[in-house]
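Me: Could you take a close look at one part of this model for me? I'd like to hear how the helices there sit against their surroundings.

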Amino acid sequence: MIIGSHVSMSGKDMLLGSVKEAVSYGATTFMFYTGAPQNTARKAIDQLKVEEAKQCMIENNIDIDNIVVHAPYIINLANTTKPETFELAVSFLRQEIDRCNQIGATKLVLHPGSHVQAGEEIGLHRVVEGLDLALDNIGNLKICLETMAGKGSEVGRDLKQLAYIIHNCKYSNSLAVCIDTCHLHDSGVDLTKIDEYLADFDRIIGLERLLVVHVNDSKNELGASKDRHENIGFGHIGFETLNKIVHHPLLKDVPKILETPYINKLPPYRYEIEMFLNHTHDPLLKDKLSK
């Protein structure tokens with residue numbers, strides 16, 4: 001099973017440390033940011049220990065094609081109210097694309113953005129415009145548009161919105177999708193009917209474009225539009241539903257990434273990965289990490 005979690009990239013080991021952290025969880029993939037997600041500060045690629053990280057991946061059977069980079073939150077291609085915000089989004093996305101290509105990553109997850117009360121249609125058109133400006137010379141990298149929960153003025157909360165972006169972008173072949181289970185649930189998708197959702201996905205977008213799955217439980221009721229992640233089996237989605245998704249045959253070759261909350265400042269990922277490997281929920285997980 002291709003499963004891992006978000007890991008940090010900091011300290012003297014940088015990306016090598018990310019790989020070591022993933023290995024300590026028993027992971028076969030991982031997701032990272034190339035720098036802080038809230039700002040534009042970035043270290044030069046030659047400071048990230050990329051070659052050492054690649055060697056560590058080989059030694060631990062982690063395929064570089066399965067690792068995932070997440071674009072920073074400050075990129076908002078849907079913004080129509082502040083030209084400088086849109087321009088920053090385009091230029092910084094170009095930089096992130098270049099960094100991914102230098103590292104050798106093939107999947108970059110991107111939040112489509114927020115239209116800032118300008119309206120969904122305008123916001124979606126702006127995202128397409130931004131992608132058209134940013135994606136020239138993208139190489140083999142795929143931009144994986146993430147399904148959103150629908151809080152505030154987010155775009156990308158349903159398949160039709162994502163399909164609009166994909167089919168109207170002149171670099172459509174470079175676009176894919178990352179589904180987030182918490183976001184889907186919070187946007188109103190009943191994940192107990194995952195087969196129906198995947199059938200709709202294939203009809204509207206095409207399953208060949210589903211390249212990443214973020215696996216999170218949700219603190220919220222179905223359709224709450226809030227986006228608050230919960231640990232596996234402790235939220236309103238539940239372990240059985242998430243376990244079915246993680247082991248779904250149509251998603252067998254898709255990297256699954258845990259983004260669940262730390263418990264008592266400790267990462268739960270080794271335990272949550274074990275749960276999925278054993279097909280068994282551990283109701284005492286929070287107690288174990290809270291002691």
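Reply: Here's a walk through helix H2 and then the pairing of H3 with H4. Keep in mind that this is a predicted model.

Let's start with H2, which spans residues 50-59. Its buried residues are Val50, Ala53, Cys56 and Met57. These cover an arc of only 120° around the axis, so they end up on the same side of H2. That fits the general pattern: an α-helix has 3.6 residues a turn, so residues three or four places apart point the same way. Flip to the other side of H2 and you'll find Glu51, Ile58 and Glu59 exposed. As for what the buried residues pack against, that's helix H1 (14-24), strand E2 (29-32) and H3. After H2 comes Asn61, with a positive phi near 60°.

Since H3 is one of the partners of H2's buried residues, let's follow it onwards. H3 covers residues 83-103, and its axis comes within 9 Å of the axis of H4 (residues 120-134), crossing at roughly 45°. With that angle, which falls outside the parallel, antiparallel and perpendicular ranges, H3 is oblique to H4. The crossing of H3 past H4 is right-handed. On the H3 side, the contact is made by Phe86, Val90, Leu93, Arg94 and Ile97. Facing them from H4 are Arg126, Glu129, Gly130, Leu131, Leu133 and Ala134. Sort the residues of this contact by character and you get 7 nonpolar, 1 polar and 3 charged.

Terms used:
Residues are numbered from 1 along each chain as its sequence is written. This is a predicted model: local features need pLDDT of at least 70, side-chain atom pairs count only at pLDDT 80 or more; totals for chains, interfaces and linings use all residues. Side-chain values use heavy atoms; hydrogens and water are left out. Axes are lines fitted to C-alpha atoms, for helices over the stretch in contact, and angles run from 0 to 180 degrees between N-to-C directions. Helices (H or I, at least four residues) and strands (E, at least two) are DSSP runs, numbered from the N terminus. Angles under 35 degrees count as roughly parallel, over 145 as roughly antiparallel, 65 to 115 as roughly perpendicular and the rest as oblique. A crossing is left-handed if the near helix is turned anticlockwise from the far one by less than a right angle, and right-handed if clockwise. Contact means heavy atoms within 4.5 Å. Ala, Val, Leu, Ile, Met, Phe, Trp, Tyr, Cys and Pro count as nonpolar, Asp, Glu, Lys and Arg as charged, and the others, Gly among them, as polar. Buried means under 20% relative accessible area, exposed over 50%, partly exposed in between (1.4 Å probe, protein chains only). The arc is that of the directions from the helix axis to the C-beta atoms.
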